[in-house]
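Open the model in your viewer and get the selection tool ready. We will go from stop to stop, selecting as we go.

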Amino acid sequence: MTCNPFNNTPSRILVAGILVFLALQIRAAPFAYITNQGDDSVSVIDTGNNTVIATIPTGHRPAGVAIHCKLERAFVTNPESREITVIDTNLQAVIKTFGLGDGPVGIAANPVTNDIYIADWYLHTVFVLNGESFTVRHEIEVGHSPSGVDVSRDGKYLYVANRDDNNIAIIDTTDYRMIATVPVGKAPFGVTASASGDHLYVANVQSGDVSIVDVAGQKVETSIKVGQFPYAIAEDPERKRLFVTNQRESTVSVIDLAVGSVMETIGVGEYPEGIALHPSGESIYLANWFDSSVNVIDTERLAIVDEVETGEGSRAFGRFMSCD
C-alpha cells in the first residue's frame, strides 16, 4: 500500500497549526493608518515589511486619525464632509460613518476608557464620543480653532491646542472641567503628551518653535527653536528625544531633551505633517503631504531607511500607529 502524505492527518494538523501561527505573527505586526486627504482614503501600512496592505475609503478630505487599541478601531476625521469614519483594525474595513460638528480635525483616544475626543475647528468645541456606541457623551467648550488633541497615558487628562488663542487647555477627563490654559508660542497645532505624563510638547506653527510645558506647574518650562512651520511631534522616551516635522522646510528636527536643543536636522519628503514612534521604539514614521509618501527614520542612526508610497496628500494627524 502506498502512503499518501496529503492524507496524513497528523501532518495536516501540524501544517494547519503552522499556518495559524504564521497568520498570528503577521497580524501582530503594528499597522500605520495614514489619512490621504487628496483621494479620500486611508493607507494601511504593515510595518513588518513597510508595504500598503489595504486602501480604505473615507469621507471627504480626511485629516486626523486616532487608534483605540482596546476597541481595535481607527477613528478618522473628515473636516470637509463633517464626518467621522470608523475602521475595524482587524477587518481593515469601514464599519461606521456619521456626521459630527462643522469641522472635526484633531482627534485622540483615551487609552483607559472608551472615549474619543474630537476637536471641532469652527465650533471651538471638543466632542466626547463613546467609541463603542458612537454617541456623543459630552461637549467641552475650549478656545478658538482647536487643532491637536492628546490624552495622558493614564487617561486622566485631555490636552487641546487652541491655535488662535496661542494656548493649551488642560482638561480633567472625569468631569470635563477645564483645569488651566497655558500660554505657548504662536499658533500651536500639534500637541503630544510625554510618556511619563509630566510634560507636554507643543508645535507652534507660526513662531517656529516647540514649547515644553510642565504639566504640574502649568507653565512653559522652555521653548526650543526648530524649522519653519513645525506641525507635529513624536517622542522617543528611551533616548529622550523629540522628532518634529517642519512643513515648509521639508525636514524633521531632532531635539535632545537632556540638552534642550536641536541635535540633528533630517531632510525628508515635501511638506511633512503627521509623525509617530513605532511601538518597538526602533523607528519613526512620518507622512509627507505633498509627496504622498511615508518616510521611515531609524531612531538610532537618525537616517531614513525606507519610504512607502501612500495615497494622494498624506497627512496622518494624530497617533496613527496601532499597538504591538
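How many disulfides does the structure hold? It holds one disulfide. A disulfide here is a pair of cysteine sulfur atoms within 2.5 Å.

Before you select anything, note how to read the model. This is a predicted model, in which local features need pLDDT of at least 70, side-chain atom pairs count only at pLDDT 80 or more, and totals for chains, interfaces and linings use all residues. Residues are numbered from 1 along each chain as its sequence is written, and side-chain values use heavy atoms, with hydrogens and water left out.

**Stop 1: the disulfide**

Select Cys-69 and Cys-323. The disulfide joins these two residues, with an S to S distance of 1.5 Å. Look along the S-S bond: the torsion is about 65°, so the disulfide is right-handed. Cys-69 lies in the loop between strand 4 (65-68) and strand 5 (73-78), and Cys-323 lies in the segment after strand 27 (303-309), so the pair ties together parts that are 254 residues apart in sequence. Strands (E, at least two residues) are DSSP runs, numbered from the N terminus.

Are the two cysteines buried, exposed or partly exposed? Cys-69 is partly exposed, with a relative accessible area of 35%. Cys-323 is also partly exposed, at 37%. Buried means under 20% relative accessible area, exposed means over 50%, and partly exposed is in between (1.4 Å probe, protein chains only).

**Stop 2: strand 1**

Select residues 31-36. This is strand 1, and six of its six residues are buried, so the strand is largely enclosed by the rest of the structure. Check both faces. Phe-31, Tyr-33 and Thr-35 are buried on one side. Ala-32, Ile-34 and Asn-36 are buried on the other.

**Stop 3: strand 2 and its two hairpins**

Add residues 41-46, which make up strand 2. Strand 1 and strand 2 pair in the antiparallel sense over six bridges. Two strands count as paired if DSSP finds at least two bridges between them. Find two of the partners: Ala-32 is bridged to Ile-45, and Tyr-33 to Val-44. The two strands form a hairpin with four residues between them. In that turn, Asp-40 has a positive phi of about 55°.

Strand 2 has six of six residues buried, so it too is largely enclosed by the rest of the structure. Ser-41, Ser-43 and Ile-45 point one way. Val-42, Val-44 and Asp-46 point the other way.

Now add strand 3 (51-57). Strand 2 pairs with strand 3 in the antiparallel sense, over six bridges. Val-44 stands opposite Ala-54 in strand 3. These strands form a hairpin with four residues between them, and Asn-50 in the turn has a positive phi of about 55°.

**Stop 4: the cores**

Which residues have the most contacts inside the largest nonpolar core? Select Tyr-33, Ile-34, Val-44, Ile-87, Val-294 and Phe-320. The whole core has 23 residues. A nonpolar core is a set of buried Ala, Val, Leu, Ile, Met, Phe, Trp, Tyr and Cys residues joined through side-chain atoms within 4.5 Å. Strand 1 gives the most to this core, with four residues. In soluble globular proteins, nonpolar side chains tend to be buried together.

Center on Phe-320. Among the residues it touches, not counting those up to four places away in sequence, are Phe-31, Ile-67, Gly-274 and Tyr-285. Touching means heavy atoms within 4.5 Å.

Next, select Phe-243, Val-254, Ile-275 and Ile-284. They belong to a second, separate core of 19 residues.

**Stop 5: an open sheet**

Move to the open sheet of four strands, in the order 8-9-10-11, with antiparallel pairing. Strand 8 (104-109) and strand 11 stand at the edges with a single partner strand each, so one side of each is left without a neighbour in the sheet. Inside the sheet, strand 9 (residues 115-120) and strand 10 pair over six bridges. Ala-119 stands opposite Val-126 in strand 10.

**Stop 6: two loop residues**

Select Phe-134, in the loop between strand 10 (125-130) and strand 11 (136-141). Phi of Phe-134 is near 65°, a positive value in a residue other than glycine. Phe-134 is buried, at 17% relative accessibility.

Finish at Tyr-271, in the loop between strand 23 (261-267) and strand 24 (272-277). Tyr-271 has a positive phi of about 60°, although it is not a glycine. Tyr-271 is buried, at 15% relative accessibility.
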